[in-house]
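Me: I've got a model open on my screen and I'd like to talk it through with you. Shall we go through it one question at a time?

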Amino acid sequence: MQIETIETGCFNADGGAMFGAVPKDAWMRRYPCNEANACILTMRSLIVKDGNRIMLIDNGAGNKHPRLMSYYKFFDTKDLKEELALRNISPEQITDVILTHLHFDHCGYTTEKDETDDSLHPTFPNATHWVSRQQYDICNSPHPLEKDSFRTENIEAIKRAGLLHMLDTAATISPHVSLRLFSGHTPGQIAAYILMPDRVYVFAGDVIPLAAHVSPEWISAYDMFPQTSYHEKIRMLEEAAAERQALIYCHDAYHACSTIKKIRAGQFKPDTFLSL
Ligand SMILES: [Zn+2]
């Protein structure tokens, strides 16, 4: 068993949007911003090697629309295939692509464009792609409030190629990796539970994107169902604190991972920060 993070780039997110109803005086003490209130977020993916399986969890915003996404002022962007090559992994060797959800900043490298005819192809042609059925359906028929986050181009070519495996419930997909569903940020989001020799690592996706979001009531304005987010976060955090699991924060530019401490009922905080 081996896990390794890959960061495919950073972008600017409005701090007010990231922390919803939390006043700036409170959130700025936990997460820095610039004079325009912009917080720097990373896009963290994870490689998991489990026996002869090589799994990729999330894959960033991709490179198909650099200009369309200018609002987010992307910087330090990395080519995912080059990052994999540095680790001696070819796209063909990836056996599983796990997409926590289908928001554009999590699944952009799932497909790539053929320069000659603009057709879209799977970037990882031999991989089973794990997505929840609920998320797939919403991506195809989104609420107006969420529609700007989805691009069907990131998943339709996968379905056509017969590489899409839709999850209806939690599932164990390899000896040491299981997937569970958490709603709130968006319905049917996947969190990956990875059993390592020392502890379970949880790739939390946007259920808890930053260490600052460990407080259950600190909920992003991007969350579609904040009351659900609150309860789903507590469900994740109760177990993490009790079992000494480590949460991996996919967007936190400063903290990749931490264990969780329960302070009192409904109150949690990051305990020990870990590097990966
Ligand atoms: Zn999201």
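Me: Is H185 buried or exposed?

Reply: Keep in mind that this is a predicted model. The relative accessible area of H185 comes to 6%. The cut-off for a buried residue is under 20%, so H185 counts as buried.

Me: And which protein residues act as donors to the zinc ion?

Reply: H185 is one of them, through its NE2 atom. The donor atoms lie 2.2 Å from the zinc ion. With their atoms, the protein donors are H101 (NE2), H103 (ND1), H185 (NE2) and D206 (OD).

Me: What do you call the arrangement of the four donor atoms around the zinc ion?

Reply: Look at the angles: the four donor atoms subtend 90 to 175° around the zinc ion. To count as tetrahedral, all angles would have to lie between 85 and 135 degrees. With angles of 90 to 175°, the arrangement is irregular.

Me: How many residues apart in sequence are the parts that H185 and D206 tie together?

Reply: Along the chain, the donor spacing reads H-x1-H-x81-H-x20-D. H185 sits in the loop between β10 (177–182) and β11 (189–195), while D206 sits in the loop between β12 (200–203) and α7 (226–243). D206 is buried too, at 6% relative accessibility. The pair therefore ties together parts whose separation in sequence is 21 residues.

Me: Moving on to the open sheet of six strands, which strands stand at the edges?

Reply: The strand order is β1-β2-β3-β4-β7-β8, with mixed pairing. An edge strand here has a single partner, so one side of it is left without a neighbour in the sheet. That describes β1 (2–14) and β8 (164–167).

Me: Which residue is the bridge partner of M55 in β4?

Reply: Strands β3 (residues 53–57) and β4 (residues 96–98) run parallel and are joined by three bridges. M55 has its bridge partner in β4, and that partner is D96.

Me: What angle does helix α5 make with β7?

Reply: Helix α5 (residues 133–140) packs on the sheet, where it touches β7 (128–132) and β8. Comparing the direction of α5 with that of β7 gives about 80°.

Me: Last one: what is the radius of gyration of the whole protein?

Reply: The protein has seven helices and 15 strands. For 276 residues the globule rule gives 19 Å, and the protein comes close to that, so it is as compact as a globular protein of that length. Its radius of gyration is 18 Å.

Methods
Residues numbered from 1 in each chain as written. Predicted model: local features only at pLDDT ≥ 70, side-chain atom pairs only at ≥ 80, totals over all residues. Heavy atoms only, no water. Donors = N, O, S within 2.8 Å, 3.2 Å for Na, K, Ca; no water. Tetrahedral: all angles 85-135°; square planar, octahedral: opposite > 155°, others 65-115°. Helix = DSSP H or I, 4+ residues; strand = E, 2+ residues; numbered from the N terminus. Buried < 20%, exposed > 50% of the residue type's maximum accessible area, 1.4 Å probe, protein only. Pairing = 2+ DSSP bridges. Contact = heavy atoms within 4.5 Å. Axes fitted to C-alpha atoms, helices over the stretch in contact; angles between N-to-C directions. Rg over C-alpha atoms; globule rule 2.2 N^0.38 Å.
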